[in-house]
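I opened this entry to keep track of what I looked up in the structure. The notes follow in the order I made them.

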Amino acid sequence: MFEAVMQSKAKEDLACIIDELQKYRLSHFSTEEDYMQKAGYTEREANRQEHTIFTARVDEFIKRYREGDDGLVAEIMVHPTTWIHEHLCGTDQNYVACLQEHGIP
Ligand SMILES: [Fe+2]
């Protein structure tokens with residue numbers, strides 16, 4: 001019984017994480033891509049491609065979640081965190097000056 005409850009809780013937490021990843025990609029990526037477009041940021045396609053790769057990965061997580069993939073829990077705790085950190089602290093930092101020059105927040 002305890003194990004069943006814990007498995008149910010883990011699945012519930014996993015659904016919550018996937019939902020947050022969905023929200024993140026929908027809100028953050030579209031806003032950022034819009035800003036890069038308005039600023040005429042020349043490297044926006046490379047940034048957008050990283051978004052596309054992340055989006056595909058989230059889609060894969062959703063598919064595996066629906067299939068009941070047991071390996072998903074460990075993977076989802078590492079991959080999105082690493083990707084978000086590297087993208088925000090790396091790729092996204094490259095457009096900050098360009099957006100500021102164009103008065104875009
Ligand atoms: Fe980005």
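What pLDDT does the chain average, and what share of the residues score at least 70? I found an average of 90, with 93% of the residues at 70 or above; pLDDT is the predictor's confidence in each residue, from 0 to 100. The model is predicted, and I kept to its limits: local features need pLDDT of at least 70, side-chain atom pairs count only at 80 or more, and totals for chains, interfaces and linings use all residues. I number residues from 1 along each chain as its sequence is written.

**Confidence by element.** I noted the lowest mean, 85, in helix 1 (residues 2–39) and the highest, 96, in helix 4 (residues 96–101).

**Fold.** I listed four helices and zero strands, in the order α-α-α-α from the N terminus. These are DSSP runs numbered from the N terminus, with helices being H or I of at least four residues and strands being E of at least two.

**Overall dimensions.** I read a C-alpha trace of about 60 × 20 × 20 Å along the principal axes. The radius of gyration is 17 Å, where a compact globule of 105 residues would have one near 13 Å. That radius is taken over C-alpha atoms, and the globule rule is 2.2 Å times the number of residues to the power 0.38.

**Burial and contacts.** I found that 8% of the 105 residues count as buried. A residue is buried with 20 or more other C-beta atoms within 10 Å of its own, exposed with 12 or fewer, and partly exposed in between; C-beta atoms are placed from the backbone. Of the contacts with a separation of 6 or more, 76% join residues 24 or more positions apart; a contact means C-beta atoms, placed from the backbone, within 7 Å.

**Helix 1.** I located Gln 37 in helix 1. Gln 37 counts as exposed because 11 other C-beta atoms lie within 10 Å. Its C-alpha is 9.8 Å from that of Leu 99, at 62 residues apart in sequence.

**Helix 2.** I checked residues 44–67: these 24 residues reach 35 Å from first C-alpha to last, close to the 34 Å expected at 1.5 Å a residue. The expected span is 1.5 Å times one less than the number of residues. Gly 68 follows helix 2, with a positive phi near 75 degrees.

**Helix 3.** Which residues of helix 3 are buried? I found Leu 72, Ile 76 and Pro 80. The buried residues line one face of the helix, because they fall within an arc of 35 degrees seen down its axis; the arc is that of the directions from the helix axis to the C-beta atoms. On the other side I noted exposed residues, including Met 77, Thr 81 and His 85.

How values were computed
Two residues are in contact if their C-beta atoms, placed from the backbone, lie within 7 Å.
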